[in-house]
Structures are given as C-alpha cells and as structure tokens.
Amino acid sequence: MLFFVPSYWSLFEFYSDNIDFERDYNTYINAMGPSGKEEARLILINDFTIPGKIWVQHYKSIGFLNVLLDALDKAAGNELVKAQLKNEMLVCRALYYYKLLQYFSPYQNNQEGIPLYTGVEGPFAGLATPRSPQKEVFAFILSQLAEVGNASTPPDPDYNIFFNKTYVNNLLAQVYWYKAESGAKEADDYNNARKYAALALQGTTIPETLTEY
C-alpha cells in the first residue's frame, strides 16, 4: 500500500490537528523512539534528511505506479482484475501527489506546485525537474479520483483498499477542502468539499458516544 516508511509520515502529525490523542498518541510518540518530538522538529528547520527521504520515496512510488499502469494497459489477462488493479493504483498515486503538495508546495503560491510526472518517460538524473503549477497538480489529482469514483467496475473487497467509493469520496472532500484556500482555489471548492463529504458519509454509522466508538 504505502511504499515509504510510515514513521516519516507520522512525524508530520506532531504539529498538525490530525492526532487522536486517546487512540494514537503512543503510536506517534514511539514512531522514532522516546525523542520523537525532537525528530519531528527537524522538519521545521533546515535539516533536509527526513523531508528528503519523503520526497524521494514518494516519487519512487509514483514512478513505480506509472510503470505498472503503462504495463497494465498493454497486458493480457482478466479485464475485471485489470480494472480493479488500475483503479487501486490511480487512487494510490493521487494520494502520493496530494501528500507531496501538502508537504512541499508553498500553500498559497500557485506557481510553486510540485513536479508532475504521469508517464514512464523522464525525469532523468542530473536534469532539472521543474514544478508544475498547483492548479495543474490539483486538476490531475481530482481527475484521477473522479475517474475511479465514476468507474462501473466493482471493487474486490478481499483485495482493494484504495479502490473504495467511500474512501475516494472522503479523499475528494479532503482535496477540495485543502484546495479551497490554496493558490489554486476556485469558487466552488467548499461546495465540492461538502458534496463529497456527504457522499462519504452515506451508509456510515457515526458513533455519538465513546462507548459506541
């Protein structure tokens, strides 16, 4: 599922509002040992070790998925299984791009997005890798998620994790919510966030008490 070391991602959560303290506090504290908070602070200063690993590993994973998607289009085999695999990978790749935007793109600067590579050609070692505008990256992420969300292919509940309509709608809501104040913001972002959040909640039971949870 996730090809980078989860503890690197966890470190970002120390300075976010994403920690559920009752459930996850010990997990995050122990991600890098007893001094996890100190490692997390490295992200906020000019130490590029952890951010560098996240950047490289995300793009390695994206490149890997690009190759698999290219090969899948040419491969023989069961069409249903191929479609299920394709949808799984499209969502996974979109998630990597979304996290890269959050981590590495100055939030309200449309011109400083992230490099966007969707095929098997390039980039090549030693050559500059220009950043695509945020609008272009958001458009790609949203188009990939919409393609999967509108797919008529049924997921395989014993295999698919990302190819899940509830998950896709949830992620679409998050992307639109994040986009709404970014350099790529558009007037309908908040309405779209509300729309997909409502779709994600359809058929979902939300516990109202700790006991129910």
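This short talk goes through one helix, the aromatic pairs and the salt bridges of the structure above.

Before the details, please keep in mind that this is a predicted model, in which local features need pLDDT of at least 70 and side-chain atom pairs count only at pLDDT 80 or more, whereas totals for chains, interfaces and linings use all residues. Residues are numbered from 1 along each chain as its sequence is written, and side-chain values use heavy atoms, with hydrogens and water left out.

Let me start with helix 5, residues 79–104, where helices are DSSP runs of H or I with at least four residues, numbered from the N terminus. The expected span of a helix is 1.5 Å times one less than its number of residues, so the 26 residues of helix 5 should span 38 Å, and the 37 Å between its end C-alpha atoms agrees with that. Of those 26 residues, 19 are buried, so helix 5 is largely enclosed by the rest of the structure; here buried means under 20% relative accessible area, exposed over 50%, and partly exposed in between, with a 1.4 Å probe and protein chains only.

Turning to the rings, the structure holds eleven aromatic pairs, a pair being rings of Phe, Tyr and Trp (its six-membered ring) with centres within 6.5 Å, where planes under 30 degrees apart count as stacked, over 60 as edge-to-face and the rest as tilted. One of them joins W177 and Y190 edge-to-face, at 5.2 Å centre to centre and 75° between the planes. Because W177 lies in helix 7 and Y190 in helix 8, this pair ties together parts that are 13 residues apart in sequence. W177 counts as exposed at 57% relative accessibility, while Y190 is partly exposed at 37%. Elsewhere, W55, Y59, Y97, Y103, F104 and F140 form one aromatic cluster.

That brings me to charge: which residues are linked with K179 in a network of salt bridges? They are E186 and D189, a salt bridge being a side-chain nitrogen of Lys or Arg within 4 Å of a carboxyl oxygen of Asp or Glu. The closest N and O atoms are 2.6 Å apart for K179 and E186, and 2.9 Å apart for D189 and K179. Since D189 lies in helix 8 and K179 in helix 7, the latter pair ties together parts that are ten residues apart in sequence. K179 is buried, with a relative accessible area of 3%, and D189 is buried as well.

By the rule just given, the count comes to six salt bridges, among them D70 with K74 at 2.8 Å, N to O.

Key: Helices (H or I, at least four residues) and strands (E, at least two) are DSSP runs, numbered from the N terminus.
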